[in-house]
Amino acid sequence: MNTNALRDQDRIPELQLVRALAILCVLTVHASASATIAMQNSGYYWIYNFINVFMRVGTPTFIFLSSFVLFYSYYRRPLDRKLISSFYKKRLLYILVPYAIFSAIYFVVVRYGANQALFDAEALATFWKKLLTGKAYAHLYFIFISIQFYALFPVLLWATKRWTRLVHFLIPLGLVVQWGFVLLNKHYWLVTNKGSWSLSYFSFFFLGAALGIYYPKIKNWIVVSKANASLTRVSAWALLWMAWLTVALAHVSVYYQARANGVRFNSTLYEFLWNFHSLTSALAIVQAAFYIYRRFPNSLSKLLQPIGRYSFGIYLIHLLFLNIYDRFMPDYGISWMSHFKYLGSWAVMLSASLAVVAFLAKFLPGAWMLFGRLPDHAGSRRNVSIRKFAAAGTAAVLAVAIVAIGIWVKKEEEIRNPNVQQAEVSLNTTDKLTESYDVVVVGTDPEGVAAAVSAARNGLSVLLVEGRNRTMLGGLMTHGGLNSIDLIYAPGSSTSRNNPVFLNKGIFQEFYEQIEGSSFDLTTAANAFARMVNDEPNVDLVMNARELKPLTEKDDNGQIKVTGVSFKTDKGAERTISSSAVIDATQDADIAAAAGAPFTFGREDLGEPDAKMAVTLVFKISGVTPSVWNSFSRHPNTGVDAMSAWGFSEAKNYVSDTPERVRMRGLNIGRQNDDTMLINAMHIFNVDPLDPSSVEKAMATGKAEAPKIVDYLTKNIKEFKNLKFAGTADELYVRETRHLLGEYRLTLADVMDNRDHWDAIAYGSYDLDVQSTDHTNAGYILMSPYQYGIPFRTLVPLQVDNLLVVGRSASYDSLPHSSARVIPVGMATGQAASVAVKIAKEHGITVRELSRSKDLIARLRSDLTGQGVDLTVHEFKKPAYSEHKAYRGLLAAASLLMTSGSSNNKEFKLDDPSNAQRYAYQLTRLNKAHPKAFPGKAVEAMKGLDKPGEIPLSLEQAVRTISLAISDDPNEAVDLDQMLQRGWIKPNTLDAIENRESLTNGEAFLLMRDVLEYYAGIVYD
């Protein structure tokens, strides 16, 4: 608020320092706000949280100060019509006009940035609504509140002069009014924009009023000096500062627990801590300002005074500079540089805002319309100072402008594609095959290429054979059109698409450095794979093999051994190839299945064998000129870099003629070098990828649907209006089929616990991206791991020797598969598999025997490290959910798909109350996954309950629901005492329940987990 209202003879010079300290708090909060989200996995997160919450006192201090100044200035003056008229004409005008102008400025900035119309009827109606509610931009609510207080001020002034005894009760009265509004609104009124109502800030305004009226009497209580240091005053000072620090640290702690650990608190606690943190801070800031002015070197006061004088203008304009800074400041991909980035935003907001406001105040007539009442520049001595400051300000503005232009140019460069279309590199295939190879790699998807190249570099003779009708290497990434990569970043490192820091590195990193970036041109990728294979003389390549199958035999113990492969060449010649090992790099583990390796299918491990993630047919759009691509960056909620774009969520509104068969999601877009782009967004359901006829039908469905989708996009997304449909991919993008049963099965608990393994040969960190399985569900992010290990044992199938399976069909449960299936992990497993074959061959053992030797696995990991693979386990903070008392219950519940945490891992809601309906539906998952142990019907527990979704889950109801899940026969019902006697529920689990009449989700999960282990013998750990 513009608080320059004191008459010259009444001026309190220390108040400029109060304004300065308050605006510095505001800038600090805004500079650190994005860090409280982006830095959550950093070891420095507690610092950003501390700064952000501790400094969250600037705007309440301005409200307090404005009231102080108004009552100090006007209380002892005669209250008449002339005074009121003058007040409204000058004071209110100085805030209304800047508020309206900056509301319009920010409204235009937001609409332009979102690529929305500025001057149509809808835009003007929206602006008018935002203007009247203080919502034109995030910080303008405060100006809106200040206007309300200015409008109320004459009435409050009249009341305090009419009833003088009222002054004694202003502080408690302000608290009563504010908290009455807060509590009534929470329980009855439910006003959504409570923060834009002045009633939410009455305690600050009334505190300022009381101190302004009593200032002449209490001045000595504010000024800390020896002369004023009586026992009573020193005690009051100490009490104030101790109260301030106590409530401030409590405020910081509550926010840290909520942000970092997902702990949920009652909203009233947040309100209480903020209110009293801000009230005590306002008093502490006033006292600090007086102390600085009187006790610190004069140079500090001189430095702060211009900031205080122009604080209102700085408040209005500073977020414009933050918007520019955040939009164009690059991410350097180095974690420690992030700290300088946030510090830089604070410095830019302060210096640029101060320079612009001071410069315009001096040289722009009518600058008050922008920044309210401005300091008087009269007086020669002051004019010299202002001229110097204005000159410095001009230089600063020019510097900021130059930097902004440079950043803008850099940003434009970041989304410019400098690459050109490559000529296709020919593949060095051969018809001259030997009868035996050290290793046969089946499949030319990225995992197969990595395996073949790795084997050759380790001195093995390699046959790389492709059993599909393909002309390029790369499979899914070339023929499947999937030209955007799900990347796996190292925890704590930058996820910048310009400077990525990946897990594993190795051959994947080598490939990545040959393509354009996070997305790529298909020819570029095919050429990179071709060069990598062509450069290895130890690799013989056969494309378009027919009737490809494994050669097997059984040993004396009946164990199946793979001894090679047989196939027909594209010319019809029959080939029988022996080898010491085969690496199955086919997408669906076809060789392993044909050899007799055991598998589960889809979500069979969850009792849903027919449920598989949707398949996708990637389609192509042409006409993507640089100007079209650049326009994507202005589309709401859409991101873009030089090669990738993601967003356009309105694509989900497309409705197919067969909605049970086809549905769209938001667009994942990969750019190519010929002004085309490939879009991964079409979901096709009810497809059996292992049935050729089902695949054929799905291809036909996708090809028929794709042009209709493009037509819809061109009519509903204006950036697409001139684009054209240009075809579809050659193959479907299949996400899920077989899941190998191997020597080890990767579990959800492994991923949620971010576990390393003694035989980890790769690491993953991609979100558990559970895609839709049918048209009735939208898919979701189950959780987001930091770094988990991929054991070598997951590549070794049960029942079949001399065979390794790499890629998405390795031995992963269906839920962790949604993370581990990504190509960078698959390529890392392919590289490791070949090194393992080499070591096993050297020692004359099978790869299964190798998988059981800790010494040889240590050798495998060492060799991989020596060949460029990064097996470092990075440092990261344990996720909050893993330290929750209900963690073991959460592992069981999440493993059964009863709950999900989203990408921030905070939506498990372990401390939220459960209810009878939710728990019954959750326990139906027990029947699906473990029907023998849980043949009953948990939903029977809701019978006789009115609105079970609104009934808290009591311990009695939870036990009844579990009992009915075990058996819905009333004669077999088991109560709590019986479960305790049988050991199905442990006493310590009951001890963890805080309220037996209302269990939390976490407590309910713990009960279910106990019964799973101690009744059914099933453990998810």
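**Three helices and a buried glutamate**

Helix 33 is mostly covered, with 12 of its 14 residues buried. Hi everyone, and before I go on, please keep in mind that this is a predicted model.

So, staying with helix 33, which residues are buried? The list runs from Asn-1001 through Gly-1002, Glu-1003, Ala-1004, Phe-1005, Leu-1006, Leu-1007, Met-1008, Arg-1009, Asp-1010 and Val-1011 to Leu-1012. You'll notice charged residues in there, including Glu-1003, Arg-1009 and Asp-1010. What covers them? The cover includes helix 28 (887–895), helix 29 (916–929), helix 30 (955–966), helix 31 (976–982) and helix 32 (987–991). The length works out too: 14 residues at 1.5 Å a residue should span 20 Å, and the end C-alpha atoms of helix 33 are 20 Å apart, so the two agree.

Next, helix 19, residues 522–534. Here 11 of the 13 residues are buried, so to speak under a good coat. Among them are Leu-522, Asn-527, Phe-529, Met-532 and Val-533. The elements covering the buried residues of helix 19 include helix 17 (446–457), helix 18 (506–512) and helix 25 (823–843), along with strand 2 (462–465), strand 4 (539–542) and strand 13 (676–684). At the start of helix 19, have a look at Asp-521: one of its side-chain oxygens comes within 2.9 Å of the backbone nitrogen of Thr-523. As for length, the expected span is 18 Å and the end C-alpha atoms are 18 Å apart, which agrees.

Now let's turn to helix 6, residues 121–133. Ala-123, Phe-127 and Leu-131 are buried in this helix. Why do they end up on the same side? They cover an arc of only 70° around the axis, and that puts them on the same side of helix 6. The general rule is that an α-helix has 3.6 residues a turn, so residues three or four places apart point the same way. On the face turned away from the buried side you'll find the exposed residues Ala-121, Trp-128 and Lys-129. Just after helix 6 comes Gly-134, with a positive phi of about 70°.

Last stop, a single side chain. Glu-719 sits in the loop between helix 22 (692–716) and strand 14 (724–728). Glu-719 is buried, yet has no salt bridge. How far away is the nearest side chain of opposite charge? That is Lys-718, at 5.6 Å, and a salt bridge has to be within 4 Å. What Glu-719 does have is a polar contact, side chain to side chain, with His-635 at 3.0 Å.

Thanks for listening!

Key:
Residues are numbered from 1 along each chain as its sequence is written. This is a predicted model: local features need pLDDT of at least 70, side-chain atom pairs count only at pLDDT 80 or more; totals for chains, interfaces and linings use all residues. Side-chain values use heavy atoms; hydrogens and water are left out. Helices (H or I, at least four residues) and strands (E, at least two) are DSSP runs, numbered from the N terminus. Buried means under 20% relative accessible area, exposed over 50%, partly exposed in between (1.4 Å probe, protein chains only). A polar contact is a pair of N or O atoms within 3.5 Å; within protein, one must be able to donate a hydrogen and the other to accept it, and residues adjacent in sequence count only if both atoms are side-chain atoms. The expected span of a helix is 1.5 Å times one less than its number of residues. Contact means heavy atoms within 4.5 Å. The arc is that of the directions from the helix axis to the C-beta atoms.
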